[in-house]
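Work through the exercises below with the model open. Try each task before reading its solution.

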Amino acid sequence: MSFIKYISIFLIILSTSFASAQEVEFVMKTSKQKLGINERLRVDFVMNQDGDNFNPPDFSNFSVVGGPNQSVSNSWINGVRTYKKTYSYFLSPQKRGVFTIGQAAIVIQGKTYKTIAQKIEVTAAVDIPKDPNDPSYLASEGVHLVAEVSKANPYLNEAITVVYKLYISPTIGVDHMNEIDSPKYSDFWSQIINTQNEQVQNGKYNGEDYRFLVYKKAVLYPQKTGKLEIEPLSLDIALRVPTNRRDIFGSTLMSRVNRTISAGRKTINVKALPEAGKPLDFTGAVGDFTFDVNASKTELDATESLQLKIAVKGSGNLKLFKLPKVSLPSSLEVYEPEHNENVKTNLAGMQGSITDSYTIVPQFKGKYPIPSISFSYFDLKSNSYKRLSSDEILINVLNGPASHSTDANNQNASNSNKQAVVLNSDHFAFIKTATTFSAIKQDFFFKTKLFWSLLLLPFLAIPIAILIRNKRATRAADVSGNKVRRANKLVKKYLSNAKKSLGQKEAFYIALEKALHNYLKAKLHIETSDMSKDKITEILTTKQVDTQVVNDFISLIERCELARYTPIDVVTMQEDFEKAGQTISLIDKQAR
């Protein structure tokens with residue numbers, strides 16, 4: 001009997017030694033490699049020997065909704081001991097994408113072991129399998145997120161609303177919720193409406209009684225035509241779901257469940273605005289508007305100022321179009337308008353007014369008409385274009401010079417009536433500002449600080465003179481660089497001449513054309529004889545300049561060629577001057 005006992009002890013020691021000698025394993029196992037954002041992921045860290053100082057990864061882009069749960073199994077099969085210890089985590093994805101679960105670490109028998117990182121793909125929400133006994137399934141059947149779109153076929157720039165309603169069964173409780181995937185509203189101008197004060201209401205969902213909460217509201221203005229998609233909104237909600245069990249008092253026991261729900265993807269078909277009847281000055285205004293142009297005063301003196309206000313009021317895409325420009329006589333000095341917006345956005349869209357306020361200063365006496373200004377928009381009620389026009393405004397300048405020549409004559413006549421002033425040295429004595437006193441003790445210049453400074457100055461100037469001479473020699477040898485610098489000076493000179501010639505059409509466009517040509521010489525190293533439009537387009541495209549910038553540059557050259565033979569106002573000249581500066585700047589940045 002004792003022999004058998006010794007044999008048993010020997011086998012136990014032998015198997016234990018074999019188990020301790022076997023290779024250590026520490027691995028990470030995931031329940032899925034790909035899952036929807038509304039699903040859960042189980043991650044197990046399994047080891048075949050016990051260890052210390054277990055350090056899990058940080059699980060970035062995931063929320064830990066359960067764990068760590070620890071389990072240990074220890075079994076003997078045919079005299080061989082099998083040991084397994086597992087740490088389990090339950091994760092909920094926070095957003096869509098491909099994410100990496102990093103390495104976990106543990107110390108076994110004094111050595112540190114690490115798992116291999118794994119990539120997990122999170123997709124859009126998927127359908128959950130039906131299981132009436134599963135709390136997750138009960139939660140999915142009792143909680144719904146619905147996106148209600150006001151209009152599925154809007155016009156371009158017509159307001160639509162998206163209202164997200166969260167429906168909850170009366171038997172389910174909500175502990176907290178978190179937004180994990182927000183729609184980007186690509187291809188839309190969007191405005192989120194505040195819903196913090198929304199209250200829970202009673203309503204119907206699929207014919208059954210539910211409670212619902214308006215979770216989010218958004219006003220959208222489509223900026224493209226065709227089929228546009230509204231991405232789904234996803235929420236992570238902690239719920240209390242009833243079970244079939246009861247407590248000692250007969251009350252239903254609740255089970256806590258985390259549930260990710262999503263409002264389905266919505267598609268709308270955006271219609272283009274009709275081409276029939278579209279005005280040439282249409283800038284994209286869509287809605288219902290009124291138009292008003294008024295001046296702060298119509299009678300004033302020269303060099304006084306008045307305010308001319310152009311205002312559009314109503315409901316529509318007020319922030320998404322430009323007000324018409326004002327064209328005035330050159331004798332009226334006009335400043336850049338001050339733009340003001342008083343717009344509120346609610347479920348009906350944008351409402352309010354936008355205003356451009358011009359400051360106008362007349363220079364000479366006379367009467368100046370401000371011509372009628374027109375504004376066109378697309379009316380959604382009649383599905384047609386409408387035009388609104390202002391009345392002509394007459395500005396009467398009462399006092400001031402009639403013209404430059406008249407002003408000069410008046411000045412000469414005024415001077416001829418004046419009497420010359422006869423100066424007499426006996427009237428006033430000049431007040432002296434300095435004395436002629438001399439110091440009793442005179443200082444000598446020799447060995448003063450100034451003396452030594454002047455003595456050393458020539459020696460200090462020698463290296464500076466050598467440096468300046470070398471730089472001049474290097475600069476003189478740079479032939480291409482000198483050409484570029486000379487051309488740049490000419491660009492600045494002619495742009496300056498063009499600015500001075502604003503209001504004088506022919507002189508302005510001649511100076512502007514010379515500036516553009518000299519810039520091409522500096523930037524592209526081509527001569528005037530080679531400056532064909534095709535050649536310029538080819539070279540700029542080769543240097544990777546955007547097509548739109550190239551087209552703007554060519555259109556400026558064409559405008560300079562044609563402007564001498566067509567009527568053009570001061571506002572257009574100012575716009576061409578600013579466009580020339582912007583285009584040259586863009587070419588400088590983009591050219592390779």
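Three exercises follow, on cores, a helix and a surface patch.

The model is predicted: local features need pLDDT of at least 70, side-chain atom pairs count only at pLDDT 80 or more, and totals for chains, interfaces and linings use all residues. Residues are numbered from 1 along each chain as its sequence is written, and side-chain values use heavy atoms, without hydrogens and water.

**Exercise 1.** Find the residues with the most contacts inside the largest nonpolar core (buried Ala, Val, Leu, Ile, Met, Phe, Trp, Tyr and Cys joined through side-chain atoms within 4.5 Å).

Step 1. This core has 35 residues. Leu 308, Val 312 and Phe 321 have the most contacts inside it.
Step 2. Take Val 312. Beyond its neighbours within four places in sequence, its contacts (heavy atoms within 4.5 Å) include Phe 289, Phe 291, Leu 323 and Phe 375.
Step 3. A second, separate core of 30 residues includes Ile 536, Phe 553, Leu 556 and Met 573.

**Exercise 2.** Determine which residues of helix 7 (a DSSP run of H or I, at least four residues) are buried (under 20% relative accessible area, 1.4 Å probe, protein chains only).

Step 1. In helix 7, residues 533–542, the buried ones are Ile 536, Ile 539 and Leu 540.
Step 2. They lie on the same side of helix 7, because they cover an arc (of directions from the helix axis to the C-beta atoms) of only 95°.
Step 3. On the other side, Asp 534 and Thr 542 are exposed (over 50%).
Step 4. The cover over the buried residues includes helix 6, helix 8 and helix 9.

**Exercise 3.** Classify Ile 466 by relative accessibility.

Step 1. Ile 466 is in helix 4, residues 449–477.
Step 2. Its relative accessibility is 40%, so Ile 466 counts as partly exposed (between the 20% and 50% limits).

Conventions. Helix = DSSP H or I, 4+ residues; strand = E, 2+ residues; numbered from the N terminus.
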